Amino acid sequence: MAERNYNVDNLKQLQKEINKMNPVDIADKLEVLPEKSVAIWIKLLNKDLLADTFTELRPDNKDRVLKILSEESIKDLVKELDEDELVDTLQELPANMVKKLMTSHIDRDRREIVNELLGYPEESVGSIMTVNFLSVKSSETPAAAMKKVMESDLDAEKLEQIWVTNDSLVLTGFVFIADLIRNKKATIESITQQITAAVSPTDDQEVVAKLSIKYDLGEVPVIDSEGRLIGIVPAEDVIDVVHEELQEDFANITGISDQGESYIDESSFTIAKNRTTWLVICLITATMTGFIIQRYESLLAQAVALTAYIPMLMDSGGNAGSQSSTTIMTQMFSGNLSAKDFFKVIFKEIRVGTLVSLVLVAINFLRILIVDNVNIAVNLTVSLTLFLTIVISNIIGGLLPLLADKLHIDPTVMAGPLITTIVDTGVLLIYFEVASVLLGI
């Protein structure tokens, strides 16, 4: 991209334009602008807008911006960043830049908070929570609470809910700022909303997403073991968590792990390695189907027509199992199902599998009867196998995610390639055993 010529009038117009832009759009522009233009844009941006834009940049571009900024500008930028945003930045930057920021640009008081947040495990609630929130005691008056709001330097979106604690700082609820304004003569207790959910800083971040979706929470409070409010996870961070968990689940379902932030920037070797791992596992486990076919080779030799229906049966079983597992995982994520519902899921999937298989068997029976030139015994063998395949695949697909949850494994790991491999093996065993009985081979 060619560099733009700037004069005084152009700079004034540019400053007016870019300071009205959304931080996300500014970050997109800074990703592609040449060095000189990036430096000019940074100079023209308001401090708070620069901070919001900085949090939207990719790690390499954050490093680039910090190298352009003067020491004084870096200090100003660091002051504008919330502690959780600062932690995210430190986790993304090179070690030498992290050391420089921690020793030269972050105040001692903030450094303690930052170090505490950095100490939480990756993907835990503590690693994403913010400590920037406003709380009032239940013994205070709405007028006193409003005074705190007026004197607060927090962003407006962080003041929509004001958290309420008792004198020991134990969380008791929250009040909306609108209720404070409307009920100046009331007591804080009388307008306090009850807490429907709270999380611990050591909980997995996925817990936040589940609770936020279940209870429609704009902010999720974080409490310590004594019930004291120590942080919150705001809605924008919840959305990020949902996005990350969705990406992770898709990766697990398709047998891909540790996918990088950017497909284009990720090395071909890394992507190939991630894809190959599960494919090799499935390749090895799929040899079971080969052993089964070899075992029943004599049966296939006497009834060659059976061979033509193996792909259809295996595909039907795999698809049924995937549908079942996807449904169960969705319900688990929403909090409607857990490992304790094991037997309920079994009976439900038996009923669902029976209804689905009856439809498929009827259609497939007629199709074979009209299109294929095989005897009725083969048709019955295929139909009965299809019936059992759908029912059993539904049960397996429904139970594997619950089993994973019971063993504290990500349920999505049990989906996709693993379910397909298990179902394929089961389908062949059922098929050949049914054929042995019905065909008398």
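**View 1. Salt bridges across the predicted model.** In this predicted model, the salt-bridge count comes to 14. One of them pairs Lys 47 with Asp 76, with 3.5 Å between the closest N and O atoms. This pair reaches between distant parts of the chain: Lys 47 sits in helix 4 (residues 47-56) and Asp 76 in helix 6 (residues 71-80), 29 residues apart. Asp 224 and Arg 228 also meet through their side chains, at 2.9 Å from N to O. Arg 228 has 35% relative accessibility, so it counts as partly exposed. Elsewhere, look for Lys 340, Asp 341 and Lys 344, which are linked in a salt-bridge network.

**View 2. Helix 6 meets helix 8.** Start with the salt bridge between Lys 100 and Glu 71, where N and O are 2.9 Å apart. Because Lys 100 belongs to helix 8 (residues 95-105) and Glu 71 to helix 6, the bridge ties together parts that are 29 residues apart in sequence. Are these two partners buried, exposed or partly exposed? Lys 100 is partly exposed, at 31% relative accessible area, and Glu 71 is partly exposed too, at 41%. Now take in the helices themselves: the axes of helix 6 and helix 8 are 11 Å apart, and the packing angle is about 85°. Angles of 65 to 115 degrees count as roughly perpendicular, and helix 6 and helix 8 are therefore described that way. On the helix 6 side, the contact is made by Glu 71, Ile 74, Lys 75 and Val 78. Helix 8 brings Lys 100, Leu 101, Ser 104 and His 105. Glu 71 and Lys 100 thus turn up in the helix contact as well as in the salt bridge.

**View 3. Helix 3 and the helices it packs against.** Which residues of helix 3 are buried? They are Ser 37, Val 38, Ile 40, Trp 41, Ile 42 and Leu 44. These buried residues pack against helix 1 (8-18), helix 2 (23-32), helix 4 and helix 5. Zoom in on one of those partners: the axes of helix 3 (residues 35-44) and helix 5 (residues 59-68) come within 10 Å and cross at roughly 70°. That crossing angle makes helix 3 roughly perpendicular to helix 5. Helix 3 makes this contact with Glu 35, Val 38, Ala 39 and Ile 42, while helix 5 uses Arg 64, Val 65 and Ile 68. As a reminder for reading the picture, an α-helix has 3.6 residues a turn, so residues three or four places apart point the same way.

**View 4. Thr 89 and its contacts.** Thr 89 is part of helix 7 (residues 83-92). With just 1% relative accessibility, Thr 89 counts as buried, since the cut-off for that label is under 20%. What does Thr 89 touch, leaving aside neighbours within four places in sequence? Its contacts are Phe 54, Lys 62 and Leu 81.

**View 5. A nonpolar patch on the surface.** Leu 366, Leu 369, Ile 370, Val 371, Ile 376, Leu 380, Leu 384, Val 437 and Leu 438 make up a nonpolar surface patch of about 890 Å². Helix 20 (342-371), helix 21 (376-406) and helix 22 (417-439) each give two or more residues to the patch. Which helix gives the most? That's helix 20, with four residues. Leu 438 comes from helix 22 and counts as partly exposed, at 41% relative accessibility.

How values were computed: Residues numbered from 1 in each chain as written. Predicted model: local features only at pLDDT ≥ 70, side-chain atom pairs only at ≥ 80, totals over all residues. Heavy atoms only, no water. Patch = residues over 30% accessible without salt bridge, like charges linked within 9 Å, V, L, I, M, F, W, Y side chains within 5 Å. Areas by Shrake-Rupley, 256 points an atom, 1.4 Å probe, with all protein chains shown as cover. Salt bridge = Lys/Arg side-chain N within 4 Å of Asp/Glu carboxyl O. Buried < 20%, exposed > 50% of the residue type's maximum accessible area, 1.4 Å probe, protein only. Axes fitted to C-alpha atoms, helices over the stretch in contact; angles between N-to-C directions. Parallel < 35°, antiparallel > 145°, perpendicular 65-115°, else oblique. Contact = heavy atoms within 4.5 Å.
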